[in-house]
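Trainee: Could you walk me through how some of the pieces of this structure fit together? I'd like to begin with the helices and then move on to the strands.

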Amino acid sequence: MGGPVVLGIESSCDETGAGIVQDGRLLAHVVASSMDEHARFGGVVPEIAARAHLHSFTPVVRRALDRAGLRLSQIDAVAVTTGPGLSGALQVGLAGAKSLAYAAEVPLYGVHHLAGHVAADTLEHGPLPDPCVVLIVSGGHTSLLLVRDLVREPILHLGDTRDDAAGECFDKVARILGLPYPGGPAIDRAARDGDATAVAFPRPLTRSGDDPYAFSFSGLKTAAARWVEQHRLRGVEPPVADGAAALQEAVADVLTRKALAACRAHDVKTLIVVGGVAANSRVRALAEQRCAGAGIELRVPPLTLCTDNGAMIAAVGDLLVRSGAEPAPLDVSIDPSAPLDFAALTPLPAAGARAA
């Protein structure tokens, strides 16, 4: 028979995702991206994203059910991202998830988007070690967390970015270099032919006295922009491959340096790196190298589970259902700027507050 079957819905940005999980096992995983529609604007346009979610929601859910060989009536619970994210995009996902839960007569669980990224690793490597340090690094988030029981205990925020996230830095510098959107993959491709030591880009917040777990990538972005500008003022184009390689090296150095410092300080033996930037080849390679040298186990989800997807939300829902957590109230709403304290996210519409 097996345990409850959970359908997860993700719509916080420009991916419409549906995933199905049972007992920690991924049964199906479908994503529709509107990235191509945003590319000509150099970033995600909220109105376009919301409209794309409306068009993609039903086909994505149907394909996920088909791949799992299931009917909606065989789903035991629905989990959906309720924050953080783009308001309109979240509203589409929540409305659709409520409709599915109502039609199937099953409970609905509101899930924090970042908790989903953490849980994505469980679909590949099994239960999270207790405790573990998690580095979440994406286009909108760069955070260091100390995680114990993901669904039962508070998540300790060790540090966050003070301005640009690492992925946002990649996007902005890629545009300056004339590379396509999204910038992360474009930087990674260009860096293959470059010299990472060619440009001495700064390592933000790594000096003595700086917050050991805080991140800041705005200054790095500015340094890259000035490097490009200096070349163009001389009437020459900058060596893009060298700039991309040096930028990627600076980001990977800062991310992994701070993550390993957190592991040592908290006597943690497992580092989990998740989020879209976890797909970056240099971030992965440097994390592997430094973790091996420090005797720390490194866990990184497969590339298909690094970016936003419904499977990761289903994974959290699966953990919530199996832990006996209470479902979200019928009037659950979105919380576009929700901080990550617990995996379950059930904002109260009247006060705009959260209850976990």
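Mentor: Let me start with a cut-off that we will need: an angle over 145 degrees between two axes counts as roughly antiparallel. Please also keep in mind that this is a predicted model.

Trainee: Okay, so at what angle do α8 and α9 pack?

Mentor: Helix α8, residues 218-233, and helix α9, residues 240-265, pack at an angle of about 165°, and their axes are 11 Å apart. The two helices α8 and α9 are therefore roughly antiparallel to each other, and their crossing is right-handed.

Trainee: Which residues of α8 and α9 make the contact?

Mentor: On the α8 side the contact is made by L220, A224 and W227, while α9 brings in G243, L247, A250 and V251. Sorted by class, this contact of α8 with α9 has 6 nonpolar residues and 1 polar residue, with no charged residues.

Trainee: And what about α6 and α7, how far apart are their axes?

Mentor: The axes of helix α6, residues 166-177, and helix α7, residues 183-191, are 8 Å apart, and the angle at which these helices pack is about 60°. That angle makes α6 oblique to α7. The crossing of α6 and α7 is left-handed.

Trainee: What makes the contact between α6 and α7?

Mentor: From α6 the contact uses F170, D171, A174 and L177, and from α7 it uses G183, G184 and I187. By class, the contact of α6 with α7 has 4 nonpolar, 2 polar and 1 charged residues.

Trainee: Switching to strands now: how many residues of β7 are buried?

Mentor: In strand β7, residues 142-147, 6 of the 6 residues are buried, so the strand is largely enclosed by the rest of the structure.

Trainee: Which residues of β7 point one way, and which the other way?

Mentor: T142, L144 and L146 point one way from β7, whereas S143, L145 and V147 point the other way, and all of them are buried.

Trainee: In which sense do β6 and β7 pair?

Mentor: Strand β6, residues 132-137, pairs with β7 in the antiparallel sense over 6 bridges, and one of the bridge partnerships is that of L135 with L144 in β7. The two strands β6 and β7 are also joined by a hairpin, which passes through 4 residues.

Trainee: How many bridges join β7 to β8?

Mentor: There are 4 bridges joining β7 to strand β8, residues 156-160, and these two strands run antiparallel. Among the bridge partners, L146 has L156 in β8.

Key
Residues are numbered from 1 along each chain as its sequence is written. This is a predicted model: local features need pLDDT of at least 70, side-chain atom pairs count only at pLDDT 80 or more; totals for chains, interfaces and linings use all residues. Side-chain values use heavy atoms; hydrogens and water are left out. Axes are lines fitted to C-alpha atoms, for helices over the stretch in contact, and angles run from 0 to 180 degrees between N-to-C directions. Angles under 35 degrees count as roughly parallel, over 145 as roughly antiparallel, 65 to 115 as roughly perpendicular and the rest as oblique. A crossing is left-handed if the near helix is turned anticlockwise from the far one by less than a right angle, and right-handed if clockwise. Contact means heavy atoms within 4.5 Å. Ala, Val, Leu, Ile, Met, Phe, Trp, Tyr, Cys and Pro count as nonpolar, Asp, Glu, Lys and Arg as charged, and the others, Gly among them, as polar. Buried means under 20% relative accessible area, exposed over 50%, partly exposed in between (1.4 Å probe, protein chains only). Two strands pair if DSSP finds at least two bridges between them.
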